[in-house]
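The following paragraphs lead from the overall make-up of a protein to one sheet and then to a single residue within that sheet.

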Amino acid sequence: MKKYCGLLIFCFIAYSHLYAQVRFVIESLPEATPATDSIFITGTFNGWNTSDPAYLLEKQPNGQLAITLTIPELIAEYKFTRGDWLKVETGKKNEYIPNRVIAATDQNQTVVVKVENWQDLGGARSFEYLIFYYFAVAFLALILVLVSRRIFQKDISKSRLFITFNGLIIILFTGIVTYYVVNPIWQTYLIIVGQVLFFIWGPVQYLFLKSLQSKDKVTLSWFHLVPIATAVLLTLLMILLPEKVMILTTFVGASLPLNKLLMVGTGAFLVLTYVLKLTLEQRRTTEIRRQDLSFFTTLFILVNLTAAVFVLQSLFVEYIGNSRVEWVEFKFIFAVISILVWAEVYVLWRDTHFFKEKSQSYHIDSADELLSKLNVLMEKDKIYCEAELSLSRLAERIGTKSHILSKLLNEHYEQSFRDFVNAYRVAEFIELANAGSLEKLTYLGLAHEVGFNSKSTFNLAFKKITNRSPREYFKTFVM
């Protein structure tokens, strides 16, 4: 009886081995692999048929290729092809490699492989010269991030939004550069992660532009965060648990994957929503805006509208047709988006204070009183003779704030603080010089007496006011 039991156990194990379930997973493909080619597994288990549809590997949500087979033999040999023996896998240097071998030792097992090369391609791959342009855009965005502290100084809220927006630009265009130099499996990873940017892109640009238009602090709300969190969760599922979300790889329409429709379609729709929201708010606003900021906002709206519409149009083409071009290869989209970086560089080149809060128009109720105090300090106390006199110190002496004093000088004297003070100093210098002070002091010594702290500052101020150097002035106007 024991002999029969042992025989039955042996037969059961042998039967299990003969019909083992093996899952083959390709985790890496050669960079030159055409995106439109299908990958087949061929071996002793299918008579070495290189293009048998039953042995076609399916693309997983995370970009890997996989197939589960029942292996009817203890030891099987196999290789991967692109449908023909001329397109069979080879080694790193395009050399012939022996057949792969699988021993069906377990009833269920997973085999993870890397395909190094293809016989017909030999590692050849066309070079994308746009990489240089994409890298330049990312580099410009990086420079903008580095100078953001100087641009915004103490405005932390705007600085963070500015850095976040340009940080997204850096990630996006660095990702594109990387996309063109990695293998197709990693390209899919980049695409999946890039799709999340759609959900971040809309709210970040909206908040960035709103912060430029308003002096109030702008923050994220749950309305902005919920779609982003949902997209991140779905992305993690596709990358970490592809077998659990295989339904996302099913096609909607002719050749549009469900996961692409959900991620890219929803993301583009959200961008359109923010564009519409920003457009309506801009049209409803009755306050007077800076013309350059209005143009800047309009440019952002047009760029995002163009990119979003193009993405939705491409999804529609895939839905009704046979196009399977990945959205990340739409060079037109990234060429349009790059305009935003060049726009930032252009406005900063024209006006380094563009992103700063512009001075607001307001009425100074106590202007006459402040002017009276200012006149006493300048005419009677001669406060301008203090070499360390600053706008804030003068404002404090007359009991007001620096920005109010600056506005007062601009409106009533049409001068900046520095020009206003230097005019008094030059006038005092001339008066003392005519009174004979130059007989006891040098030009520089007398300049120090009236508040100038350097020779160059004195000469520049004197010539700006009199159109002559000090020596030319006193040579012409000898009293």
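Helices and strands are here DSSP runs, of at least four residues (H or I) for helices and at least two (E) for strands, numbered from the N terminus. On this basis the protein, which is a predicted model, comprises 16 helices and 11 strands. Of its 479 residues, 44% are buried. Among contacts with a separation of 6 or more, 73% join residues 24 or more positions apart.

One element of this architecture is an open sheet of 3 strands, arranged in the order β2-β5-β7 with antiparallel pairing. The edges are occupied by β2 (40–43) and β7 (100–103); each has a single partner strand, so one side of each remains without a neighbour in the sheet. On average, neighbouring strands are turned by 40° against each other, direction ignored. Strand β5, residues 75–81, pairs with β7 over 4 bridges in the antiparallel sense. Within this part of the sheet, A76 lies opposite I102 of β7.

Strand β5 also contains K79. What is the nearest side chain of opposite charge to this buried residue? That side chain is E89, at 6.6 Å, and K79 has no salt bridge. A salt bridge requires a side-chain nitrogen of Lys or Arg within 4 Å of a carboxyl oxygen of Asp or Glu. The side chain of K79 does, however, reach the backbone oxygen of I97 at 2.8 Å. Leaving aside neighbours within four places in sequence, the contacts of K79 include F40, I41 and T42, as well as W48, V88, E89, Y96, I97, P98, N99 and R100.

Definitions and conventions. Residues are numbered from 1 along each chain as its sequence is written. This is a predicted model: local features need pLDDT of at least 70, side-chain atom pairs count only at pLDDT 80 or more; totals for chains, interfaces and linings use all residues. Side-chain values use heavy atoms; hydrogens and water are left out. Two strands pair if DSSP finds at least two bridges between them. Axes are lines fitted to C-alpha atoms, for helices over the stretch in contact, and angles run from 0 to 180 degrees between N-to-C directions. Buried means under 20% relative accessible area, exposed over 50%, partly exposed in between (1.4 Å probe, protein chains only). Lys and Arg count as positive and Asp and Glu as negative; His and the chain ends are not counted. A polar contact is a pair of N or O atoms within 3.5 Å; within protein, one must be able to donate a hydrogen and the other to accept it, and residues adjacent in sequence count only if both atoms are side-chain atoms. Contact means heavy atoms within 4.5 Å.
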